[in-house]
Every structure is written in structure tokens, then in C-alpha cells.
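Dear colleague,

I am passing on the structure below, together with some notes on what I found in it. Please keep it open beside this message as you read.

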Amino acid sequence: MNYNELYNAINKGIPNYTIIELDNSVLLRECASDSALLTNELIKVRNEFQKNIRNICGFSKAQHYFFDSLCLYTNYKDSETTLNISAVPFIRKLKNILGVNNSSENFNDYDLMNEMLARVEVLKKIKTPEELEKEFPLIYDDYSLSSRAYQTIKDTTDPVRKKQLWDYYNTYGFDTRFNYFMSHQCAMYRNLVVRRQFVEGYTTRNPLNLNDFKGLDKDKFELYVAFKYLEKANNSDSFDEVQDCVKYLAAYIREYKVSGNKDLSINVDGNTVSFKKVFNGYIKLFKMYKDLKPLDSERSFFKGYHINHVENHIKKHYGKCVNWFIVPDGDADLFNENERNKVIEFLNRKYNYLSKDEREKVIKKRYEIYDRKIKFYDSSNYVIKLMGLNDFNGYIAYIYPNGIVILDKLFLDYGNGTPAHDEALYIMDIEYFDKMSKMDKQVLKDEPLVDRKYHSGEWESRLKKYVDRAGNDSSVEYLKEFKLKHKI
């Protein structure tokens, strides 16, 4: 993976300020094109980094609190995303060693700092190894290690090596005498807690050289990053953060349709991750958040922007309702068995006040309409499928080779699986769809260039006439331009 490929992989879509954690073990196991090369590259980066961490914290112990993960960090001044050492393991390990249960990983959280300092005060009151083992078992492990390390130093005959080990021993806060050991440990952990912000500052101000990651595989790395954005969105309570994650995902999905390897998959925490899984998760986000927009634009447009300018630009130019996004054909089935079961479950809940026989009749009738729609479109020769949002929630737009577009409502609410019934469908030429897709649905009802139909009688036969008829030259040409514009 060369510099430009890695740069483009992390700088994808509209800039966002969400920090994404990347597990080094996953990168090595799943995202390497050359495992030996990537291993050596990570070792080189780690060693260089650890030299500086020891200087910041004053203790060698601190340098082992790092390098579990990398992170993607966006500089707010120029909106450029960089690959950095993640500082999060530092705060996690401090909490674990000191026995702090606060879930925060924010380096500026003063409540968290005070909790950790309070535990250092508890550490100061420990008088015996037995108390230490009970209250701070991880620090007790270091006390046990201290004696063995001291003996190793005594047995070393090389004076240069002996001095190196002795310096290392001292900067670990080690001592074979318990009182001195505890005094050193209290001083060290207080120092690490107080200087935690210096550590975070160093990691954010010192991005890694992208030339040091030639051992990465481009496609697998991008799939992993997209999955981490999806994971971040699913675990977030902030709508703005979810929308930020969508900015990357929308760009990844658009690019993947053009050149992606559809057989590609990686394993993350025992789960198989593929493009289909990422895309289906992406769709579910729109079910959960009705105001979410599939914002997408080339990253190069925002080069050099301050992050606030990016946000202002989005509000000005993307603030209007975005009603559709393209479904990669063949990569995800929006209406699979799980979706169908969801519809049946909803209908059972809706009509649970009816007797069993009456309920079965109603459900059969409602489900039959839904099922007929899916079977008709799945068997038709559409070339593009789009999913409706906002005013078009529940609609699917099918675009055919002759330039005809059919908008059909499959759900009253796609989010909870409410199937539509007695809803009109709309038929138009693609030349008009591109403009009308940005308008309110009410416009379509009175638009003379749009045919409005209902699912009555042999409606499939009537639609087939539209689908099968020859397209005029301008419509076919417009369809080509539409596909080029959206990189289909």
C-alpha cells in the first residue's frame, strides 16, 4: 500500500472530526499484504514513539501503556485526517491498574482525573504486601517482578548493559524494599495521571509517516476502517457523531461499487466482516435516525478547509432534503427473509385485537401485496435501485435501461417494517426524476410529466409495458450521464 493509497483510504468523503480506533492485532492478522513487512514497520514506529513517551512521562513504565492501537485523527485546522498512535490505551490501563470504574476515556475529564488521584491517595496508605495484593493486584505483580529484575541486574557482568538495566529499573519505580517501592509507585502514578494531557497532546500533534505502512493491503484496510466507522455509529448516543460516520461510509460505498472485490472479507473479534455486512449496517442507521442524510462528496473539494468551514458549507449546500441514495445492486438484499419476517411480526402486532382467523385473513391480504411488489421488481431488468429517505421513506426507485423510473412504496415506515397498502406508485422519465427526487412528494401528485398508478387488478402487466417499451435517445443518453455522475 503506497502513500497515496493510504492517504486516500483515510481521507475519504466529507471531513469529519470523529476519532476512529484501529486495533494493531487486527491490522496485522487481517489487513496485511505482507505480514513480515508490516510487523517490522509497526515495530519501527513503536520504538521511535516509545523514546518520546519516556521523556514526556519521566518513567519507562508509561511506554508500555501504548501501541495497542492506532487511530484516525482529523486536524480541525485543515480537515486532514492522519494516522496516529492512539492515546486511549494509556487512560484505559491507568484506570485498570488503579481500579477506577469510570467509563470515560476523555483525557480532559476532571472527574476521572480526581477519581484516579483519589486512588493514588489510597495507594499511599498501603503498609504491607498483603494489602497491596488485595487492593492493587497489578501493582503487586510489579512488586514481585521487582525482586527478579534486581537479581537480573546483579547477575549482569557487562557494565554498559548493567547501567542500562539499572536506569530502566529506576524509571519503573522499582525497589526491593517495600516502603521505597511504594513511595516510588505513588510518585509515578500521580505523575502519569497529572501528565495524561501531555501524552494525548503528543499523540495528536505527531502523526505517523504514511510511507511506513507499505505492508498494508488497501482493500482490506479500507473495509476495516469502514467497519470501525459503522461500529462507532452503532455505539454512539450522538446524532452528530452518527452523521459524521455516515460521511465516510457514503464515500466508501460509492467507491466500492466501482472497483470493490465482492468476495473480500475480514475477521474482527470473531465476526466475519464483508462489504454486504457494512452496507446492511449502513441502511439500518437510516432506519434508526430518520433525519440522517447520506452526505457524500469528494474529499479534495475540502482540502485546506478549517473544520468549521466544512460544517458551514454542509449546512449551506447540503442542508436541503436529500431524499435518495443508491443501493449497490447485488451487494445487499433490502428485502431478505429477516425483513419479510419483520413485516409479518408487525402485522401480527397491529391486528392482535382480531380473532385468529380474521387476523390471518388480513395479514395474508396485506402481505400478499407486499410480496407481489418484491417479486415483480426482483424479476424485472432494472439497472439501478435507490432507497428513499425523508418524504420518500419506504419508497424504492427502480431505474430501467430505457430511462423509465418507477417509484413504489413498499413500507409506510421502513424502520419498523410497516408494509404499505393503497399507496400510489409513480412512473417518470429519468430526465425528470433527477430533478424531482429533490422535491417534496406532494409535487409528484400534480406533475403532468409523472404517471400515477395504483396496485389494482393486473398492475404488473401495466407496469411491464412501461419497462419493456423502447427508450428515446435523450432518455438513454441521460441514463448514461446519470450512471457516470454517480459512478455506477
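In which sense, left-handed or right-handed, does helix 4 cross helix 5? Before the answer, please bear in mind that this is a predicted model. Helix 4 passes helix 5 in a left-handed crossing, and the two helices pack at an angle of about 40°, with their axes 10 Å apart. An angle of 35 degrees or more is no longer counted as roughly parallel, and 65 is where roughly perpendicular begins, so helix 4 is oblique to helix 5. On the side of helix 4 the contact is made by I91, L94, K95 and L98, and these meet L112, M116, R119 and V120 of helix 5. Sorted by class, this contact has six nonpolar and two charged residues, with no polar ones. If you wonder about the spacing of such residues, an α-helix has 3.6 residues a turn, so residues three or four places apart point the same way.

A second pair of helices can be described in the same manner. Helix 7 (residues 137–155) packs against helix 9 (residues 178–194) at an angle of about 130°, and their axes are 11 Å apart. These two helices are therefore oblique to each other as well, but here the crossing of helix 7 past helix 9 is right-handed. Helix 7 brings I139, D142, Y143 and S146 to the contact, while helix 9 brings F178, F181, Q185 and Y189; by class, that gives five nonpolar, two polar and one charged residues.

Helix 9 appears again in the surroundings of helix 10 (residues 196–205), where R196, V199, G201, Y202 and T203 are buried. The cover over these buried residues includes helix 9 together with helix 3 (35–57), strand 3 (80–85), and the helix 4 and helix 5 described above.

Further along the chain, please look at the open sheet of six strands, which has the order 6-7-8-9-12-13 with antiparallel pairing. Its edge strands, each pairing on one side only, are strand 6 (324–327) and strand 13 (451–453), and neighbouring strands are turned by 25° against each other on average, direction ignored. Within this sheet, strand 9 (residues 404–409) and strand 12 (residues 425–429) pair in the antiparallel sense over four bridges, and V405 stands opposite M428 in strand 12. Finally, helix 20 (residues 473–485) lies across strand 7 (384–388), strand 8 (395–399) and strand 12, and runs at about 70° to strand 7.

With best wishes

Terms used
Residues numbered from 1 in each chain as written. Predicted model: local features only at pLDDT ≥ 70, side-chain atom pairs only at ≥ 80, totals over all residues. Heavy atoms only, no water. Pairing = 2+ DSSP bridges. Axes fitted to C-alpha atoms, helices over the stretch in contact; angles between N-to-C directions. Contact = heavy atoms within 4.5 Å. Parallel < 35°, antiparallel > 145°, perpendicular 65-115°, else oblique. Left-handed = near helix turned anticlockwise from the far one by under 90°. Nonpolar A, V, L, I, M, F, W, Y, C, P; charged D, E, K, R; others polar. Buried < 20%, exposed > 50% of the residue type's maximum accessible area, 1.4 Å probe, protein only.
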